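Please work through the exercises below with the sequence and the structure at hand. Attempt each task before reading its solution.

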Amino acid sequence: MKPPSKRPLTLRDVSEASGVSEMTVSRVLRNKGDVSETTRTKVQEAAKRLGYVPNKIAGALASQRVNLVAVIIPSLGNMVFPEVLAGVSEVLEGTPLQPVVGVTDYLPEKEEKVLFEMLSWRPSGVIIAGLEHSEASRAMLAQAGCPVVEIMDVDGEPVDSCVGISHRRAGRKMAEAIIDAGYRRIGFMGTKMPLDHRARKRFEGFTRTLAKAGIEIADQEFYSGGSALAKGREMTEAMLSRTPDLDFLYYSNDMIGAGGLLYLLEKGIDVPGQIGLAGFNGVELLEGLPRHLATMDACRREIGQAAARIIANRQDASGEVEGERIELSPTLSFGDTLRRG
């Protein structure tokens with residue numbers, strides 16, 4: 001893998017790409033002066049296509065960097081990402097580098113905006129969740145001129161380096177455990193997946209493994225927004241009303257799985273004898289439940305630590321540096337809700 005180009009883009013590059021003078025390009029990007037809407041659009045489209053980000057360090061040379069590491073994640077409300085941030089902070093604590101967090105809410109257009117603003121300050125590194133980005137975001141990452149580490153996932157082609165788990169393999173591993181335990185009528189519940197690529201990949205690995213064993217998902221439901229615990233209860237009740245002969249429920253995350261578990265225990269349903277359950281993420285907060293939910297640890301803290309080490313180690317590197325691909329192995333916990341095969 002080749003690292004991003006070391007030569008930063010300049011106003012001249014945007015000028016040549018748009019056919020507009022450097023002075024006019026500067027006015028457009030600074031939102032100053034009287035420029036026609038046609039010219040403004042032409043310049044903005046050229047800058048976006050190139051991945052050009054203006055340098056906000058006034059009076060500094062383009063090669064200079066601030067001691068900040070941009071950490072761009074989809075959510076702070078999701079308990080997954082604070083652990084990642086803790087891992088990043090632990091490693092950077094002994095260095096001059098400081099993490100600065102941006103949140104995208106899983107929206108590609110918001111990711112573009114956050115990335116644009118953070119790169120304009122010329123950080124010393126970028127840690128960003130996921131491997132799927134818009135063309136504009138990918139162009140900005142490729143032209144960032146600093147180490148870029150995409151985290152949480154390794155099923156794809158990174159811009160520079162990546163650290164994470166294979167979500168397809170995680171889905172496959174869970175499906176194998178469920179099949180080995182003798183469950184055959186399986187329902188799936190999860191978040192809507194068009195923008196949650198990692199959940200989509202787990203679902204793909206899960207369903208493909210079931211299909212190889214001659215098993216199809218018997219029922220499925222997807223949600224967006226709202227309390228995950230409440231949604232887990234609601235969806236579990238609705239699914240079992242529709243398909244009462246299910247013998248296993250697989251949830252895309254532990255929080256909705258916990259809601260489902262609480263509903264089943266409240267109804268006096270035998271878990272895991274009558275119905276088995278499993279989630280994903282290994283959220284420690286849920287260890288206080290009456291039963292331990294079967295789950296899979298996503299190596300969150302370790303991912304944050306490994307990503308931060310790549311950024312820190314690259315600060316002293318000179319010349320071309322090969323990007324790294326670090327794949328961690330999640331651990332399956334059977335808990336009290338998945339029979340051992």
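The following exercises treat helix packing and empty space in a predicted model.

**Exercise 1. The packing of α4 and α11**

Task: Determine how helix α4 and helix α11 are placed relative to each other, and state which residues make their contact.

Solution.
Step 1. Locate the helices: α4 covers residues 80-92, and α11 covers residues 300-314.
Step 2. Consider the geometry. The two axes lie 7 Å apart, and the helices pack at an angle of about 40°. That angle makes α4 oblique to α11, since angles under 35 degrees would count as roughly parallel.
Step 3. Assign the handedness: α4 and α11 cross in a right-handed manner.
Step 4. List the contact. From α4 come Val80, Glu83, Val84, Ala86, Gly87, Val88, Glu90, Val91 and Leu92. From α11 come Arg300, Arg301, Gly304, Gln305, Ala308 and Arg309.
Step 5. Sort this contact by class: 7 residues are nonpolar, 3 are polar and 5 are charged.

**Exercise 2. The packing of α5 and α6**

Task: Are α5 and α6 roughly parallel or roughly antiparallel to each other? Describe their contact as well.

Solution.
Step 1. Locate the helices: α5 spans 108-119 and α6 spans 135-142.
Step 2. Take the geometry: the axes cross at roughly 25° and come within 9 Å.
Step 3. Classify the pair. Angles under 35 degrees count as roughly parallel, and α5 and α6 are therefore roughly parallel to each other.
Step 4. Assign the handedness: the crossing of α5 and α6 is left-handed.
Step 5. List the contact: α5 contributes Pro108, Glu111, Glu112, Leu115, Phe116 and Leu119, while α6 contributes Ala136, Ser137, Met140 and Leu141.
Step 6. Sort the contact of α5 with α6 by class: there are 7 nonpolar residues, 1 polar residue and 2 charged residues.

**Exercise 3. The two largest pockets**

Task: For the largest pocket and the second largest pocket, give the volume, the residues nearest the centre and the helix that gives the most to the lining.

Solution.
Step 1. Begin with the largest pocket, whose volume is about 770 Å³. It is lined by 32 residues, and those closest to its centre are Asn78, Tyr106, Thr191, Asp196 and Asn253.
Step 2. Identify the helices in this lining. At least two residues each come from α4, α8 (197-212) and α10 (254-266); α8 gives the most, with 3 residues.
Step 3. Divide the lining of the largest pocket by class: 15 residues are nonpolar, 11 polar and 6 charged.
Step 4. Turn to the second largest pocket, with a volume of about 450 Å³. Among its 17 lining residues, Leu29, Gln44, Ala47, Lys48 and Phe116 lie nearest its centre.
Step 5. Identify the elements: α2 (22-29), α3 (37-50), α5 and α6 each give two or more residues to this lining. The most come from α5, with 5 residues.
Step 6. Divide the lining of the second largest pocket by class: 8 nonpolar, 3 polar and 6 charged.

**Exercise 4. The enclosed space**

Task: How many cavities of 30 Å³ or more does the structure hold, and which residues line the largest cavity?

Solution.
Step 1. Count: the structure holds 1 cavity of 30 Å³ or more.
Step 2. State the volume: the largest cavity has about 110 Å³.
Step 3. Name the lining: Pro8, Leu9, Gly51, Tyr52, Val53, Arg65, Leu119, Arg122, Gln143, Ala144 and Gly145.
Step 4. Sort the lining of the largest cavity by class: 6 residues are nonpolar, 3 polar and 2 charged.

Terms used
Residues are numbered from 1 along each chain as its sequence is written. This is a predicted model: local features need pLDDT of at least 70, side-chain atom pairs count only at pLDDT 80 or more; totals for chains, interfaces and linings use all residues. Side-chain values use heavy atoms; hydrogens and water are left out. Axes are lines fitted to C-alpha atoms, for helices over the stretch in contact, and angles run from 0 to 180 degrees between N-to-C directions. Helices (H or I, at least four residues) and strands (E, at least two) are DSSP runs, numbered from the N terminus. Angles under 35 degrees count as roughly parallel, over 145 as roughly antiparallel, 65 to 115 as roughly perpendicular and the rest as oblique. A crossing is left-handed if the near helix is turned anticlockwise from the far one by less than a right angle, and right-handed if clockwise. Contact means heavy atoms within 4.5 Å. Ala, Val, Leu, Ile, Met, Phe, Trp, Tyr, Cys and Pro count as nonpolar, Asp, Glu, Lys and Arg as charged, and the others, Gly among them, as polar. On a 1 Å grid over the protein atoms alone, a cavity is a set of points where a 1.4 Å probe fits but cannot get out, and a pocket is an open set with protein on both sides within 12 Å along at least five of seven lines; lining residues have an atom within 4 Å of a point. Grid points are joined across faces, edges and corners, and a volume is the space filled by probe spheres set on the points.
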